[in-house]
Amino acid sequence: MPFPPDKGDKIRSYNVLKYLAGRHQVTLLCPIDQKDDLKHVGEMGSILHKIIFAYLNPVQRKLGMLKNLFTGKPLSVANFWSVSLKKQLDELVSTEKYDAIYVFSSTMAEYVWDLHIPVKIIDFCDLDSAKFLQFSKRAGLFSKWLYKTEAARLLAFEQRAAACFDHILFISPAEKKLFESNGFSHKLSVMSNGVDLEQYFGDKLPEKNITVNHFVPHVVFTGMMNYLPNVDAVLWFSKNV
């Protein structure tokens, strides 16, 4: 659910969705993995033609991941899979004609790769297979095996997904370059993240009276600090910059 846009993936997906909804008639189909997000369905739906969703039960998600552990499919994919959502999507495509489909993250690719829609775009954001491989280098024995296994499965999954889409987006040139070795360079583009400075400051200074020493640089890092890349980033920055 790309609302409220209060963390990285939601901020990116919400702003892309808002941009498209201002220019096209957009139907949003999404899994909801946080119960709190259910109350925002109406607010999100106000800018859309239609919104279709399914709540992902935490127990079912864990069972799905356990099942995938033994079937050879990525655990990450099971974490966002809903039979109900797939059924709703198939019914929707059979009754309405769509010009294009925009898929956010590789883990959602399985919902749509069998659909016949003229233009298919997928926003991989990060290259998840490379990320899990990096995780394995810092993990304990069991976690190392789990992360390496997930990395290999995700790479195969990403390659299959890439073959089914017309265009693939990444956040950074580095991740695009990593994936180019798979032979899909003609489909790949970079759409980097940005910061809307007007949202934070506009033409006004913060209302609170804050004493600032202008001779000392002040940096604020915001992010989910239970996420290893964010922890690594802020530690590296503090030590090296």
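This is a selection-by-selection tour of a predicted model.

**The sheet**

Start by selecting strands 3, 4, 5 and 6. These four strands form an open sheet in the order 3-4-5-6, paired in parallel. Strand 3 and strand 6 (188-190) are the edge strands; each has a single partner strand, so one side of each has no neighbour in the sheet. From one strand to the next, the twist averages 20 degrees.

Narrow the selection to strand 3 (100-104) and strand 4 (119-125). Five bridges join strand 3 and strand 4, in the parallel sense. Ala100 is a place to look: its bridge partner in strand 4 is Val119. Now colour strand 3 by face. Ile101 and Val103 make up the covered face of strand 3, while Ala100, Tyr102 and Phe104 make up the uncovered one.

Move to the pairing of strand 5 and strand 6. These two strands run parallel and are joined by three bridges. Within this pairing, Phe170 stands opposite Val190 of strand 6. Add helix 1 to the view. Helix 1 packs on the sheet and touches strand 3, strand 4 and strand 5. The direction of helix 1 makes about 165 degrees with that of strand 3.

**The nonpolar cores**

Next, show side chains around Val112, Phe124 and Phe179. These are the residues with the most contacts inside the largest nonpolar core, which has 30 residues. At least two residues of this core come from each of strand 2 (50-55), helix 5 (83-95), strand 3, strand 4, helix 7 (141-164) and strand 5 (167-170). Another core lies apart from this one; it has 13 residues, including Phe3, Tyr14, Leu28 and Met44.

Centre on Val112. Setting aside residues up to four places away in sequence, Val112 touches Leu89, Ile101, Val103, Lys120 and Phe165. Two of these contacts, Ile101 and Val103, belong to the covered face of strand 3.

**Aromatic pairs**

Show the rings of Phe, Tyr and Trp. The model has eleven aromatic pairs. Select Phe135 and Tyr147: the ring centres are 5.5 Å apart and the planes lie at 65 degrees, so the pair is edge-to-face. The pair links distant parts of the chain, with Phe135 in helix 6 and Tyr147 in helix 7, twelve residues apart. Phe135 is buried, at a relative accessible area of 13%, whereas Tyr147 is partly exposed, at 26%.

Then select Phe170 and Phe179. The centres of these rings are 5.7 Å apart and the planes are at 50 degrees, so the pair is tilted. Phe170 is buried, at 0% relative accessibility, and Phe179 is buried with a relative accessible area of 0%. Extend the selection to Phe124 and Phe184: ring pairs link Phe124, Phe170, Phe179 and Phe184 into a cluster. Of this cluster, Phe124 and Phe179 have already appeared among the residues with the most contacts inside the largest core.

Two arginines can be added to the ring display. The charged end of Arg23 sits over the ring of Tyr19, 3.6 Å from the ring centre. The charged end of Arg61 sits over the ring of Phe80, 5.6 Å from the ring centre.

**Helix 6**

Select helix 6, residues 128-136. How many of the nine residues of helix 6 are buried? The count is seven, so helix 6 is largely enclosed by the rest of the structure. The buried residues are Asp128, Ser129, Ala130, Lys131, Phe132, Phe135 and Ser136. To see what they pack against, show helix 4 (75-78), helix 7, helix 8 (173-180) and helix 10 (228-240).

Zoom in on Asp128. Asp128 has 11% relative accessibility and counts as buried. Leaving out residues up to four places away in sequence, Asp128 touches Ser106, Leu154 and Glu158.

**Gly22**

Finish at Gly22. Where is Gly22 placed? Gly22 is in the loop between helix 1 (8-21) and strand 1 (27-32). Gly22 has 62% relative accessibility and counts as exposed. For a last distance, pick the C-alpha atoms of Gly22 and Asn193: the two are 19 Å apart in space and 171 residues apart in sequence.

Technical notes. Residues are numbered from 1 along each chain as its sequence is written. This is a predicted model: local features need pLDDT of at least 70, side-chain atom pairs count only at pLDDT 80 or more; totals for chains, interfaces and linings use all residues. Side-chain values use heavy atoms; hydrogens and water are left out. Buried means under 20% relative accessible area, exposed over 50%, partly exposed in between (1.4 Å probe, protein chains only). Contact means heavy atoms within 4.5 Å. A nonpolar core is a set of buried Ala, Val, Leu, Ile, Met, Phe, Trp, Tyr and Cys residues joined through side-chain atoms within 4.5 Å. Rings of Phe, Tyr and Trp (its six-membered ring) pair if their centres lie within 6.5 Å; planes under 30 degrees apart count as stacked, over 60 as edge-to-face and the rest as tilted. A charge sits over a ring if NZ of Lys or CZ of Arg is within 6 Å of the ring centre and within 35 degrees of the ring normal. Two strands pair if DSSP finds at least two bridges between them. Axes are lines fitted to C-alpha atoms, for helices over the stretch in contact, and angles run from 0 to 180 degrees between N-to-C directions.
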